[in-house]
Amino acid sequence: MTLAYVRLEMVRLLRDPGYLVMSLISPLVMYLVFTNLDLGRQGSDGAAAYSMVGMAGFGAIGAVMGNGVSIAEDKPLGWIRQLRLLPLRPVNVVIGRTLCAMVVTLPPILAVSLAGGLVNGVSLGAGRWAAVVGLLWLGIAPIAVLGIGLGYLLTAQQAQMAGLVCYMGLSLLGGLWVPISTFPGWLTNVAKATPINRYGELSWRITDGHAPTLLGVAVLAGWAALFVAFAVYGYRRSARTA
Amino acid sequence: MPPNDAVVFDGVTKSYGPVRAVNGLDLRLARGRTVALLGPNGAGKSTTIGMLLGLVEADSGSVTVFGGAPERAVRDGRIGAMPQSGRLIPGVTVRELVGFVRRSYAAKRGNQPSQATAVPSLDDLLETARITELAGRRANGLSGGQAQRVRFALAVAGAPELIVLDEPTTGLDIESRRGLWTSIRAYAEGGSTVLFSTHYLDEADDYADRIVVVDRGRVIADGTSEQIKQRVPGRTVSFDLDAPAAVTFDSLGGLPGVASTEVRGTRARLHTTDSDATVLALAKAGHVRNLEVTGAGLEEAFLALTSTRDNLTSAGENR
């Protein structure tokens, strides 16, 4: 039944693909522009790969936040309440919406990765390519759930603001635009506690030839648990008030 | 709890800040009946319905639906609802939307084969709600009456044992209202319990087996339409005027028992607390053409029952 719900929401999304296109274009353009200005060459050979992960992640965040906004837009229509009155468990609805968010992160992740490989000459072995793309995709799940919680709890306008803060603010703080090693020491420590940095770190470790760290995965998992509780709470609450 | 009760409210209260929306509500709804919930704006109808659907939690007292928590009944697919003021989502056709909702019930029913009523086929469902010809249309591009029919289809898509309709006909033209009621009545005849709220008293009069009037968060009258009307002692005496100019309001109003008068065209209507005395006086004065004595209508009864409110408004926000 969760899949039937995902299908319904995906059909709706594909018939109004505006934000899908936006979440694809901005990271792609930013990636190509940044890495081909002088900025991108100041680092090592790894800069193009670093930036590729960063911009793919940035695009993925934009996509999941857009998903949250579309939830908030459904609320005044009574759609969340309608779902709440069906024999569907709240957790299944939240999971369904998370899967939708996961699907919409694929275009920016794949597009930026392709641009990295084909235009910017990022060269990785097939296994590492698969790991990078796979972790970029799976690792976004906690953030997707956060976006969903925001969508359930906030009005469309508020969700748009909160989404923008997460999109820009967390991307910057998490080191998706510039490495956190360039931050002042205290800020680096703050950044390391954020889910976005740990998300990016999964794939950066791979491009650097290492395995993800246990600590990084644990931090991300902790955030994931928190966000799931937040989203389920948001869903139940939104059905009550809408 | 007797097994024939679909819904039981027992001493239920619910406040929003300082406002007591529901204040010690006791109510039992028997299975298989159609019950109207009436009350002025702000009487607590929507809060009551919200609690019945498990969307609002009671502060105290208990709400049970089919012997369990409302959320449980919803989760088991035993309730269908048409909440107030919802609109249909963009990006889907009517068939996709109704089909999805129907499937959610069917999937649940599949887990519980012991359930008596099977979920209807999608085509039957579209037919029942008279939306077959709308199946391919986008759900958000429908007229008000069409959209309400689709929303009704969503409420009955799982052949639930209880359907709850919160002001289903508000804002619809008379033809759409009739059409929707045809569908609701047909569904009720299948043995389901129906609870609806409405601002149209004639709908309660025509379609409900029982009328529950709530005001200030509690039940103030409960019974059949006839019983409710009898709560108001007044009668209406009406007759044709021979020559309207010849009779003044004052002279009619001065007749024994008459509380208020009204003249429409050549027909006079006197609201009286003592119809016998009024009729005798009219006969003496020679005003007997097409004379008729009727009891109070549901509207008068409703107004009399709820008129103790000092802030009765005809328009405003419902809770």
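**Notebook: chain B and its contact with chain A**

I began at a turn: S8(B) and S9(B) form a hairpin with two residues between them, and B:Arg216 in that turn has a positive phi of about 50°. The model is a predicted one, and I kept that in mind for each entry below. Strand S8 covers residues 210-215 of chain B and strand S9 covers residues 218-223; five bridges join the two, and they run antiparallel. I looked up the bridge partner of B:Asp215 in S9(B) and found B:Arg218.

**The sheet around the hairpin**

Next I asked in what order the strands of this open sheet lie. There are six, in the order S5-S6-S7-S3-S8-S9 of chain B, and the pairing is mixed. At the edges I noted strand S5 (79-82) and S9 of chain B, each pairing on one side only. From one strand to the next the twist averages 15°.

For a parallel pair I took strand S6 (residues 162-166) and strand S7 (residues 193-197) of chain B, which are joined by five bridges. Here B:Leu162 stands opposite B:Thr193 in S7(B).

I then checked what lies across these strands. Helix H1 (residues 45-52) of chain B lies across strand S3 (34-38), S6, S7 and S8 of chain B, and runs at about 150° to S6(B).

**The three-stranded sheet**

I moved to another open sheet of chain B, with three strands in the order S2-S1-S4 and antiparallel pairing. Why does one side of strand S2 (19-30) and of strand S4 (60-65) lack a neighbour in the sheet? Both strands of chain B stand at the edges and have a single partner strand each, so one side of each is left free of a neighbour in the sheet. I recorded an average turn of 20° between neighbouring strands of this sheet, direction ignored.

Strand S1 (residues 5-16) of chain B is joined to S2(B) by nine bridges, and the two run antiparallel. Opposite B:Val12, in S2(B), stands B:Leu25.

**Whole chain and domains**

I counted 11 helices and 13 strands in chain B. The C-alpha trace of chain B spans about 75 × 45 × 35 Å along its principal axes. Of its 319 residues, 43% count as buried. Among contacts in chain B with a separation of 6 or more, 68% come from residues 24 or more positions apart.

The domain assignment of chain B gives domain 1 (5-224) and domain 2 (233-295). I noted 43 Å between the C-alpha centres of these two domains of chain B.

**Cores**

Which residues touch the most other members of the largest nonpolar core? They are A:Ile61, B:Val98, B:Val150, B:Ala153 and B:Val164, in a core of 146 residues. Helix H4 (residues 46-74) of chain A gives the largest share of this core, 16 residues. I also found a second, separate core of nine residues, including B:Val237, B:Leu252, B:Leu255 and B:Val258.

I followed up B:Val98. Leaving out residues up to four places away in sequence, B:Val98 touches B:Leu122, B:Leu125, B:Leu126, B:Val150, B:Ala153, B:Leu154 and B:Ala157.

**Contact with chain A**

Last, I looked at the contact between the chains, which takes 25 residues from chain B and 21 residues from chain A. On the side of chain B that touches chain A, the elements giving two or more residues are helix H2 (70-75) and helix H3 (94-111) of chain B. H3(B) supplies the largest share of that side, eight residues. By type, I sorted the residues of that side of chain B into 14 nonpolar, five polar and six charged.

Note on methods
Residues are numbered from 1 along each chain as its sequence is written. Chains are lettered from A and ligands numbered from 1 in the order in which they are written. This is a predicted model: local features need pLDDT of at least 70, side-chain atom pairs count only at pLDDT 80 or more; totals for chains, interfaces and linings use all residues. Domain bounds come from an automatic or database domain assignment. Two strands pair if DSSP finds at least two bridges between them. Helices (H or I, at least four residues) and strands (E, at least two) are DSSP runs, numbered from the N terminus. A residue is buried if 20 or more other C-beta atoms lie within 10 Å of its own, exposed if 12 or fewer, and partly exposed in between; C-beta atoms are placed from the backbone. Two residues are in contact if their C-beta atoms, placed from the backbone, lie within 7 Å. A nonpolar core is a set of buried Ala, Val, Leu, Ile, Met, Phe, Trp, Tyr and Cys residues joined through C-beta atoms within 7 Å. Axes are lines fitted to C-alpha atoms, for helices over the stretch in contact, and angles run from 0 to 180 degrees between N-to-C directions. Ala, Val, Leu, Ile, Met, Phe, Trp, Tyr, Cys and Pro count as nonpolar, Asp, Glu, Lys and Arg as charged, and the others, Gly among them, as polar.
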